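Please open the structure in the viewer and keep the selection tool at hand. The tour below proceeds from one selection to the next.

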Amino acid sequence: MVGTTYADIQAPPASEYTATRKLGRAIGNLVWAVEELPVTMLRWDEAEGNYAGYSVGLVEGFSRTFTRMGYGLYELVTFWAPTYKCTYRPPYQGSCGRSGLREYNPWSGFTEFPEELGFQSKNPYSRVEGK
């Protein structure tokens, strides 16, 4: 009896994806899509060198920017409807939310929200006094 009660209070897998989150993701994709350009150029520069960064990285960066803007526009227009497999999850390949639905591949997939440039940290750093 306790086991079934515990199972009833668990949230379904896609419960963190709501219409509000989809609208926020759409706005984020439209506003910050341009960051795909320098991020992609830097990624190619680190992997293959300067020539690849300024040629392939530039072309692929523009492609990723416009693709992300297209997804942002699509999600802005349809934010009220559960369009992807009857949920509000992002429709693009390689998306990875907090629940880790799919593994993210930086070369071919997209994160749920646009990538940040290197000046912002996601890690909580603190200094310990006395050492």
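Begin with the packing of helix H2: its buried residues are in contact (heavy atoms within 4.5 Å) with helix H5 (56-77). Helices here are DSSP runs of H or I with at least four residues, numbered from the N terminus. The model is a predicted one, in which local features need pLDDT of at least 70 and side-chain atom pairs count only at pLDDT 80 or more, while totals for chains, interfaces and linings use all residues. Residues are numbered from 1 along each chain as its sequence is written, and side-chain values use heavy atoms, with hydrogens and water left out.

Select residues 19-32 to see H2 by itself. Its 14 residues should span 20 Å at 1.5 Å a residue, and the end C-alpha atoms are indeed 20 Å apart; the expected span is 1.5 Å times one less than the number of residues. Next, highlight Arg21, Lys22, Arg25, Ala26, Gly28 and Asn29, which are buried (buried means under 20% relative accessible area, exposed over 50%, partly exposed in between, with a 1.4 Å probe and protein chains only). Turn the view to look down the axis of H2: these buried residues fall within an arc of 165°, so they line one face of the helix. The arc is taken from the directions from the helix axis to the C-beta atoms.

Move on to H5. For its 22 residues, 1.5 Å a residue gives an expected span of 32 Å, in agreement with end C-alpha atoms that are 32 Å apart. Which residues of H5 are buried? They are Gly57, Glu60, Gly61, Arg64, Thr65, Arg68, Gly72 and Glu75. Viewed down the axis of H5, the buried residues lie within an arc of 145° and so line one face of the helix. On the other side of H5, Val59, Phe66 and Val77 are exposed. Add H2, helix H3 (36-48) and helix H4 (50-54) to the selection, as the buried residues of H5 pack against them.

Continue into the segment after H5, where Lys85 is found. Lys85 is not a glycine, yet its phi is positive, about 50°; at 63% relative accessibility, this lysine counts as exposed. Cys86 also lies in the segment after H5. The phi of Cys86 is near 60°, again positive in a residue other than glycine, and Cys86 counts as exposed at 70% relative accessibility.

Notes: Helix = DSSP H or I, 4+ residues; strand = E, 2+ residues; numbered from the N terminus.
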